[in-house]
Amino acid sequence: MTRVNFFVQMVFLLCFVVSLFGQDNTHASGKSNAEQFEFYFDLADSAAFYSSAQALDYALTAEKLAIKLNDPKKLLSISWFIASIYADLGTLAKSMKYYLFVERTAKKIRPEVLPMVYEEIGEIYSLLEDREQSLAYVQKSYQLAIEDGDSTQIAGTLFTWGIIHLNFEEYRQARDIFQRLLPLLEKVDFPDGNKAQVYCELALAQTELGDFDHFMAYSDTAIHIAIASGDTLLLAWLLSDIGVMYKNFGDTKKALDLSYHALHLDDTSPYHMGNIYETLADIYKDTGAVDSAFKYLTLYQHLEDSLFNLTMNNKVAALQLRNAEEKHALELSLQKKLTFVFLAAGILVLFFLIFYIVISSRNRRLQRQIVKQEKYILLQKGERERERNELLASNLTQRNQQLVARTMELAKYKESIKTLISTLENLSQNDDPEIARPVEKLMFRLQQEFGSRSWWDEFSQWFSQVHVDFMQKCEQLAPKLTPQEKKICAFIKLNMRNKEIAELMQLQLKSVEMYRMNIRKKFNLSRHENLSQVVSDL
């Protein structure tokens with residue numbers, strides 16, 4: 001039973017291992033779910049710079065891992081990221097769905113990020129052209145930032161607030177919001193790019209309001225901030241956009257100067273180059289310089305084709321990377337399934353082994369019980385047989401003794417009758433007829449009653465009833481036995497001693513011994529064999 005208990009414990013242990021392999025928290029992939037979450041989140045963050053679609057794929061994978069981990073903070077961070085990616089892709093409905101989830105979750109576990117969440121939700125409602133909800137959320141963000149005393153968040157919310165008014169072409173309100181933001185720019189750690197964008201957006205608002213002087217002041221400030229930051233990309237973007245604003249004011253020469261300046265900056269990105277080519281083409285088209293407009297429009301088209309090819313190459317590379325990762329994940333999944341199958345097969349084999357051991361043990365136990373029961377039955381049967389044999393032997397001995405006693409009595413009785421008849425014969429010779437005649441009658445009756453059969457005939461009848469077929473067995477063993485020798489064999493069977501035999505048969509003791517020797521010879525007995533035992537076994 002100890003062995004069976006050991007195997008049962010092994011089965012439970014293997015079942016526990018299988019349950020671990022059945023979960024996704026396995027180390028078969030070499031990484032835990034938490035590590036895989038960080039890995040895919042990092043991939044999504046990196047891919048966002050060149051392919052929002054690829055970034056979304058990685059982010060959705062990370063979201064599944066966060067759900068498996070049941071970690072609200074990780075789920076909050078990845079959902080926030082997915083919401084922003086959907087916004088970049090223009091899928092605003094899905095973006096809003098994720099933002100609303102982020103809002104609900106942030107209220108429970110990270111209320112300190114709610115101002116930023118409200119600010120971004122306001123931007124999405126702005127893109128959805130829902131002015132009421134857009135302004136409501138950005139005002140909630142501003143109110144929370146004021147309550148927290150977070151100047152940086154206040155500045156960011158005011159900037160978003162102004163952008164929302166610009167999106168709804170509310171230039172005066174946008175100008176007022178941006179002007180409220182200007183005093184905070186020097187107090188908070190606001191990035192130079194954002195500062196330059198504030199002044200650029202103010203310049204745009206002044207452009208739409210027709211205030212050329214304030215436009216020039218704000219645009220020059222934006223350009224100076226970009227030059228001071230040393231950010232070529234920022235400067236190229238500002239020069240291109242401000243050039244467009246000068247074109248809108250009708251200052252074509254200034255627009256061309258700024259665009260050419262942006263065009264010849266070092267490290268200008270292809271995306272900004274495209275904007276510059278497009279701006280130059282529009283300026284020359286408006287001024288009637290068709291050839292120059294066609295030239296820059298052609299350059300813009302070539303650049304768009306190059307950017308498209310670059311984007312496609314990036315997408316192909318990303319797709320290949322994703323396919324490689326999916327192939328690796330599939331191999332790991334297959335390996336895990338095979339491991340699970342092997343473990344399950346091992347448990348099944350072990351189960352049958354235990355079942356076989358238990359059944360075999362039970363069968364052996366039953367077999368031992370059956371053998372024990374059979375031994376007990378045989379012992380009981382042997383005991384009963386022994387008692388029966390003892391009883392039969394006792395009965396046989398008793399009957400033999402009775403037979404011997406009756407034979408002796410019969411022999412004595414016969415002898416007495418014989419003596420009486422002999423005496424009566426003497427009396428019958430008396431001369432007195434009255435005496436002789438009754439005596440003769442009596443002697444005649446006695447001879448009729450007791451003289452017709454010898455005592456041996458009656459003994460033989462009794463003996464045959466007790467020892468059936470004894471005489472036949474003696475004849476088969478020794479066919480040449482004489483009648484006297486047969487009688488001696490019968491008396492030996494009754495365990496009578498030689499002296500009793502001699503007395504019964506009215507022989508000399510030596511004569512009986514001689515008969516016994518003759519019987520031994522006829523039975524072909526060796527010197528070591530006992531005649532009494534041989535006759536007793538017949």
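How many helices and strands are there in the protein? The count is 22 helices and zero strands, in what is a predicted model. The views below start with the whole chain and then zoom in.

**View 1. The whole protein, built from helices.** Of the 538 residues, 37% count as buried. The exposed surface comes to about 32600 Å², with carbon and sulfur atoms supplying 54% of it. Take the contacts between residues at least 6 apart in sequence: 59% of them join residues at least 24 apart.

**View 2. Helix H5 and its buried residues.** H5 has 18 residues, and from its first C-alpha to its last it reaches 25 Å, close to the 26 Å expected at 1.5 Å a residue. Leu-92, Ser-95, Met-96, Tyr-98, Tyr-99, Val-102, Glu-103, Thr-105 and Ala-106 are the buried residues to look for here. Their cover includes helix H3 (52-69), helix H4 (72-89), H6 and H7.

**View 3. A closer look at Glu-103, a buried residue of H5.** Is Glu-103 buried or exposed? Glu-103 has a relative accessible area of 7%, and since the cut-off for buried is under 20%, it counts as buried. Its place is in helix H5, which runs over residues 92-109. Setting aside residues up to four places away in sequence, Glu-103 touches Leu-114, Val-117, Tyr-118, Ile-121, Tyr-137 and Lys-140. Some of these names come back in View 6.

**View 4. Helix H9 with one face lined by buried residues.** H9 covers residues 171-185, and its 15 residues should span 21 Å at 1.5 Å a residue; the end C-alpha atoms are indeed 21 Å apart, so expectation and model agree. Buried in H9 are Tyr-171, Ala-174, Arg-175, Ile-177, Phe-178, Leu-181, Leu-182, Leu-184 and Leu-185. Look down the helix axis and these buried residues fall within an arc of 165°, so they line one face of H9. Helix H8 (151-167), helix H10 (192-209) and helix H11 (212-229) are among the elements that cover them.

**View 5. The largest nonpolar core, with 60 residues.** Which members touch the most other members of this core? They are Leu-158, Phe-178, Leu-181, Val-198, Leu-238 and Ile-242. Two of those names, Phe-178 and Leu-181, are also buried residues of H9. Zoom in on Leu-238 and, leaving aside neighbours within four places in sequence, you find it in contact with Ala-196, Cys-200, Ala-222, Ile-223, Ala-226 and Gly-243.

**View 6. A second, separate core of 36 residues.** Its members include Ala-44, Val-117, Tyr-118 and Ile-121. Val-117, Tyr-118 and Ile-121 are also among the residues that Glu-103 touches. As background for both cores, nonpolar side chains tend to be buried together in soluble globular proteins.

**View 7. Phe-37 and Phe-41, one of 14 aromatic pairs.** The two rings meet edge-to-face, 5.7 Å centre to centre and with 70° between the planes. Why are they about one helical turn apart? Because Phe-37 and Phe-41 sit four residues apart in helix H2 (residues 33-47). Both of these residues are buried. Ring pairs also bring in Phe-81, linking Phe-37, Phe-41 and Phe-81 into a cluster.

**View 8. Phe-215 and Tyr-246, an aromatic pair between two helices.** This pair is edge-to-face as well, at 4.9 Å centre to centre with 65° between the planes. Here the pair links distant parts of the chain: Phe-215 belongs to helix H11 and Tyr-246 to helix H12 (residues 232-249), 31 residues apart. Phe-215 is buried, with a relative accessible area of 0%, and Tyr-246 counts as buried at 2% relative accessibility.

**View 9. Glu-129, a loop residue with a positive phi.** Glu-129 is not a glycine, yet its phi is positive, about 65°. Most residues other than glycine have a negative phi. You'll find Glu-129 in the loop between helix H6 (114-127) and helix H7 (131-148). With a relative accessible area of 66%, Glu-129 is exposed.

**View 10. Asn-524, with a positive phi in another loop.** Which helices flank the loop that holds Asn-524? The loop lies between helix H21 (509-522) and helix H22 (531-537). Asn-524 has a positive phi of about 55° although it is not a glycine, and at 66% relative accessibility it counts as exposed.

Methods. Residues are numbered from 1 along each chain as its sequence is written. This is a predicted model: local features need pLDDT of at least 70, side-chain atom pairs count only at pLDDT 80 or more; totals for chains, interfaces and linings use all residues. Side-chain values use heavy atoms; hydrogens and water are left out. Buried means under 20% relative accessible area, exposed over 50%, partly exposed in between (1.4 Å probe, protein chains only). Contact means heavy atoms within 4.5 Å. The expected span of a helix is 1.5 Å times one less than its number of residues. The arc is that of the directions from the helix axis to the C-beta atoms. A nonpolar core is a set of buried Ala, Val, Leu, Ile, Met, Phe, Trp, Tyr and Cys residues joined through side-chain atoms within 4.5 Å. Accessible areas come from the Shrake-Rupley method with a 1.4 Å probe; for residues, only the protein chains shown count as cover. Rings of Phe, Tyr and Trp (its six-membered ring) pair if their centres lie within 6.5 Å; planes under 30 degrees apart count as stacked, over 60 as edge-to-face and the rest as tilted.
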